[in-house]
Amino acid sequence: MTVTITIDDRPYEVPAGATLVDAAKMHAITIPVFCYHPKMNPAGMCRMCLVELGSIAKNRDTGQPELDDNGQPVIRWFPKLQTACTQIVSDGLVVRTQTARVAEARRDILEFILTSHPLDCPICDKGGECPLQNLTMAYGPGESRFSYGDKMHLDKHVPLGELIFLDRERCIQCARCTRFCDEVVGDDVLAFHERGRSLQIVTISDPPFDTKFSGNTTDICPVGALTTADFRFGARPWELDEVPSICPHCPVGCNISASTRLDREAGGKKIIKRVMPRQNEQVNEIWICDKGRFGHHHSRAADRLQRPVIRRGDEFIEVDWQEAYKQIASRLKQADGDVGFLAGPNLSNEDLWELRKLAGLTGKSPRLGIWPATMTGGDVIAQVGVGVGTRLQDMGPESAILVIASDLDEEAPIWWLQVKQAADRGAVVIVANGRQTKLDRYASAVIQYAYGQAVEVLNSFAARARSRRKVARPLVESRVDGYDDLHEALKGTRVPHADAADALLGAENLVILAGGEGLALEDHAELMQAAANLLIITGHVGRANNGLVAVWPGANTQGALDLGFSPEVTADLLANPPAVWVIAGADPVAEDARAAETIAGAEFVVTSTQFLTATALQADVILPRQSFAEREGMFTNGMRRVQRFYAAQGPVGEALPDWTIYAQVGARLKGDKPRLSAGAVMRDITQHVARYAGMSYSRLAQVEPQFPNVGGSDLYYGGTAYANHGGLGVQWATDAEDESARLIVRPVELPDRPAAGDLIAVPVRLLYDRGVLFGPSTLMHRRVPAPYAGLNSQDAAPLGIADGDQITVSIGEHRFELTARVNGRAPVGTVLLPRQLGEFPVPAAPTVCVVHKIEE
């Protein structure tokens, strides 16, 4: 629905309900702002957006516009200027933005803002991309009438935590930062303190500025008041080259911009100086989490491997690439097909394709495993993944979202943010997990089940749909196989959470985000199928904002599944070990005790890695691989959007991209001639993988106008998130979106419940860990906890364990020394073990454990 408004004597059709600032922006009309931001509610604090406002006078009897002597509509003007940011457009609204009154008001506002603002633009991190600087040049006075002696002198280096610094003299009290934390993120961590000219921003959380999204406040700050410890005084914005990239840390696939320059401290090499958000309204909008922003230092870490290394006896010897290729090819030939391939979660699609081709040269039935092998269901996603065009930010009162077996805040922060905002807009959000999570506070209902019962929850929802006649009969009768068996299996199923089930089943749109917490691999397969059953029989498939999303570990697990890699194969590799292992971009020895024992017994191990990891120390050939920042390629995110990233900096030493490494080895086994570029490898993929047909690099690089239009020259509007010039990516369609495809449902097997009295160790994922890619970001180490085990007080008390005590956790023959956290977050009978916090492997799946207190 649209309405007609008049701006500066010209009529415009604009969406009903839009703010006047946004409506003007849609038609490239400038209304300058400081406090307003298109992603937040209007506040009307800075008054920079003042305009003349009026409406067409209408006859009360006839409802027709009143006309003046010239036959023109009579305008009833407000006696005073009005804030455009707080004005919702309505039919007949009349606006003037260029009159003398408006110009004078803008000059006065800027003169007042500048009374105590320091004139330190040449040394300000915001200089060159500063809204205040730009708007002062465009609308401000040439001089000030205020006395310099009245200037307020405030602290200029105030840490709001270890990541963000505040310059109180530069702050103009626009409240963008406090409103972002409150409205968008929901973290009450910043507030105003004092009054009048002494008003200042303070942190009110412990630890300070305790949010995973703090860096975004520096982007939306319209002045240089907030700066990051990572970039502060590091470079001038106009010196930087912006390179489009994709965050390598989680399945969201956030679009980022790597700000690079030739750097003296790096020996004149081009390096990443900072990471900024790049707008993609289909993915991360204009936000990124702090891990994505500050977790790039692995790309230039001092301890990166720079040359191939081979083992000779007990020593590691550096060799050239030709020698490394020769040794690998020779051993692969000798293995006679007894080879296992293991792909890490951050390999690009090009890497995965060349690794798959190499595997095909070593035997008739190549064994292609994924690491970590904790989640499965690529076939289910291919059937009922969310429809093309799905955007969580579009979901509102007509929609429902179920988050099950996942702590989104820790595993996929931007999805957490978007689900939280969907709840704010009125969407039904149901959270089901074995423990409390941060998303609970925004949920319509919280289901805390005993670990191992996640499948039962989904099964009960499907049973509720059956009993309440919420089954989509036309779909089931025309396209679904196996419904009769499922229908019978659901008979008699208990529905302990009927209200939550009814809330989901009554929604027009339904998205399920499924993680793997508390589930063994085979149980996770059943969880994914149970989710598919529910979505299919209720008709919530095959269209936007409906379907299933897997909260995969890593940035490109979805791509690995698409290209034929499988966690079930990984399980088989561990159960039936090959003689030769080829491990690409993974560190299973450090992350899983069983994998460590199995790989230690191998005849020959090859690994490509950035660092000398625990897996590398057991390898016979160690190959230095490039980071995401040194090469180009593609990731496929958790919503199946294939996205391109570009080379931002030069390679470290002789490191190569994985696709080059494995293509060269393949050539020595009489495989294809190595491709010359990642684009050529991608062309091979498009010709052999049906889902990726047509996804050329040029297509992935296509962009289109997005709203809000941020990242342009008018930085006052949306902040310094960068416009997208690198591509919005392409989302491949699921089977459910093909009306000729058959959909499959089946009864699921419920996992066995643990024996009463046993303590179960449950591995959990944390956003901030000591993993290979995040460990080098020393700036973030204060956010990474020491290794710990979470216990419930009912389990801790009989063992004499209190919060902070040192304990041992024994799992089979393995024994770990940890700090106990007894804070009410662990369910009774459960020991929560965060992954990748220490130099010991946490089990991949829930398992029985024994806990003892370490006596002093």
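**Note on helix α11, its surroundings and two further features**

1. In this predicted model, what covers the buried residues of helix α11 includes α4 (176–185), β19, α10 (408–411), β20, β23 (509–514) and β24 (547–550). The helix itself spans residues 413–424, and it is mostly covered, with 11 of its 12 residues buried. The buried residues are Pro413, Ile414, Trp415, Trp416, Leu417, Gln418, Val419, Lys420, Gln421, Ala422 and Ala423, a list that a colleague checking side-chain placement may wish to go through one by one.

2. As to its geometry, α11 reaches 16 Å from its first C-alpha to its last, which is close to the 16 Å expected at 1.5 Å a residue. The helix is followed by Gly426, whose phi is positive, near 110°.

3. Strand β20, one of the elements that cover α11, comprises residues 428–433 and is mostly covered in its turn, since six of its six residues are buried. Val428, Ile430 and Ala432 point one way from the strand, while Val429, Val431 and Asn433 point the other way, and all of these are buried.

4. β20 has parallel partners in both β19 and β21: strand β19 (residues 399–404) pairs with β20 over five bridges in the parallel sense, and strand β21 (residues 445–448) pairs with β20, again in the parallel sense, over four bridges. Within these pairings, Leu402 stands opposite Ile430 of β20, and Ala432 stands opposite Ile447 of β21.

5. The largest nonpolar core has 116 residues, and those with the most contacts inside it are Ile5, Leu20, Leu408, Trp415 and Leu513. Helix α11 supplies the largest share of this core, namely seven residues. Ile5, once its neighbours within four places in sequence are left aside, is in contact with Arg10, Pro11, Tyr12, Val14, Leu20, Ala23, Val89, Ser90 and Leu93. A second core, separate from the first and made up of 106 residues, includes Leu352, Ala359, Leu490 and Val642.

6. A further feature that deserves a point of its own is a barrel, into which six strands close in the order β32-β36-β33-β35-β34-β37, with mixed pairing. Neighbouring strands of this sheet are turned by 45° against each other on average, direction ignored. Strand β32 (residues 759–764) and strand β37 (residues 847–853) run antiparallel and are joined by three bridges, and here Ile760 stands opposite Val848 of β37.

Conventions. Residues numbered from 1 in each chain as written. Predicted model: local features only at pLDDT ≥ 70, side-chain atom pairs only at ≥ 80, totals over all residues. Heavy atoms only, no water. Buried < 20%, exposed > 50% of the residue type's maximum accessible area, 1.4 Å probe, protein only. Helix = DSSP H or I, 4+ residues; strand = E, 2+ residues; numbered from the N terminus. Pairing = 2+ DSSP bridges. Core = buried A, V, L, I, M, F, W, Y, C linked by side-chain atoms within 4.5 Å. Contact = heavy atoms within 4.5 Å. Expected span 1.5 Å × (residues − 1). Axes fitted to C-alpha atoms, helices over the stretch in contact; angles between N-to-C directions.
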